[in-house]
Amino acid sequence: MASIAHLSDVHFGRHDPDIVAAVEACLHQQQPDLVVISGDFTQRARVEQYRLACEFIERLEAGGLNVLGVPGNHDVPLYDVMRRFIRPLHRYRRFIDDDLCPYFENDALAVLGINTARSLTIKDGSISREQMATIRGCFREVPSHKTRMLVTHHPLFAMPIGEEGGLTKRVNRHSDALLAVADAGVHVLLAGHFHRSFLQSAREMVENAGPALVIQAGTATSTRVRGDELQSFNWIETGKDRIDLRVFGWDERGFRPGPPAGFTYQDGNWHAAAPQPA
């Protein structure tokens, strides 16, 4: 089995320092094989905000953790128009990672990150033909026993908008992107952006995009929460043909694991299953 801590929308510059410290303490204690951060490292892509995000990552790595991240729309300058269009992710490359297509692989996992943030779309996402080719090519030689995960900031699927109903926007070229996901045999799609966790409704998030299971993360450390949902991150354990999920939620004293949800992979799709015993 391999373990992944899936964080998103940490929004340094609009963060709670106590919650940041609690996230770090929890991750250092749990020691996942990989920490995934699916975008929005900063609130407004300012230098000081990037410095704080960089220091956060450095502290995780100093504790022996592997970190893979992708940019979000908040990591592109909004008000600095010249920088937004000429060098939109220059600060991200400087402080977070020069690689906008990061990749991690071990004995159980193959995880690819793709940047969906763009200068022109403001808050919406997009995926290019070149990135689709990267998805297909990256997973081509991955052995069949490894769980293949794709990380983006913007979800490739339309997501339900809380209790108010309706669906969110999808990334540009989403239909072609989902064909690439299916061709590559991606098992799990990790994303953020909407500050809502979909663990409780994950059983309904299995879509017809090859064998892809959609897992959304809420905001891990930001004060920009949605509705009555507090800060949280996902804990994912994966083995051959199986995934177990828990949401670690903030309760003013620390992060506590919520009820588990299990899935098994059979006949080309994911199916709800009894959680593994603790």
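# A tour from the cavity outwards

By class, nine nonpolar, two polar and no charged residues line the largest cavity. Ala, Val, Leu, Ile, Met, Phe, Trp, Tyr, Cys and Pro count as nonpolar, Asp, Glu, Lys and Arg as charged, and the others, Gly among them, as polar. This is a predicted model, in which local features need pLDDT of at least 70 and side-chain atom pairs pLDDT 80 or more, while totals for chains, interfaces and linings use all residues. Residues are numbered from 1 along each chain as its sequence is written, and side-chain values use heavy atoms, without hydrogens and water.

**Stop 1: the cavity.** Select T152, P155, L156, L189 and A191. Of the eleven lining residues, these lie nearest the centre of the largest cavity. Its volume is about 50 Å³. The count is one cavity of 30 Å³ or more. A cavity here is a set of points on a 1 Å grid over the protein atoms alone where a 1.4 Å probe fits but cannot get out; lining residues have an atom within 4 Å of a point. Grid points are joined across faces, edges and corners, and the volume is the space filled by probe spheres set on them. Which elements give two or more residues to the lining? They are β7 and β8. β7 gives the largest share, three residues.

**Stop 2: the sheet.** Select β7 (residues 188–191) with β8; they pair in the parallel sense over four bridges. L189 has V214 in β8 as its bridge partner. Strands pair if DSSP finds at least two bridges between them. Helices (H or I, at least four residues) and strands (E, at least two) are DSSP runs, numbered from the N terminus.

Now show the whole open sheet: five strands, order β4-β5-β6-β7-β8, mixed pairing. β4 (103–105) and β8 (213–216) are the edge strands, each pairing on one side only. Neighbouring strands are turned by 15° against each other on average, direction ignored.

**Stop 3: the helices.** Add α5. This helix packs on the sheet and touches β4, β5 (109–113) and β6 (147–151). Next, add α6 (residues 174–184), which packs against α5 (residues 129–139) at about 10°, axes 8 Å apart. Axes are lines fitted to C-alpha atoms, for helices over the stretch in contact; angles run from 0 to 180 degrees between N-to-C directions. α5 and α6 are therefore roughly parallel, a term for angles under 35 degrees. On α5, pick R129, M132, I135, R136 and F139; these make the contact with α6. Contact means heavy atoms within 4.5 Å.

**Stop 4: the hairpin.** Jump to β12 (residues 261–266) and β13 (residues 269–273), antiparallel and joined by five bridges. Y265 stands opposite W270. Two residues separate the strands, and D267 in the turn has a positive phi of about 55°.

Note on methods. Angles under 35 degrees count as roughly parallel, over 145 as roughly antiparallel, 65 to 115 as roughly perpendicular and the rest as oblique. On a 1 Å grid over the protein atoms alone, a cavity is a set of points where a 1.4 Å probe fits but cannot get out, and a pocket is an open set with protein on both sides within 12 Å along at least five of seven lines; lining residues have an atom within 4 Å of a point.
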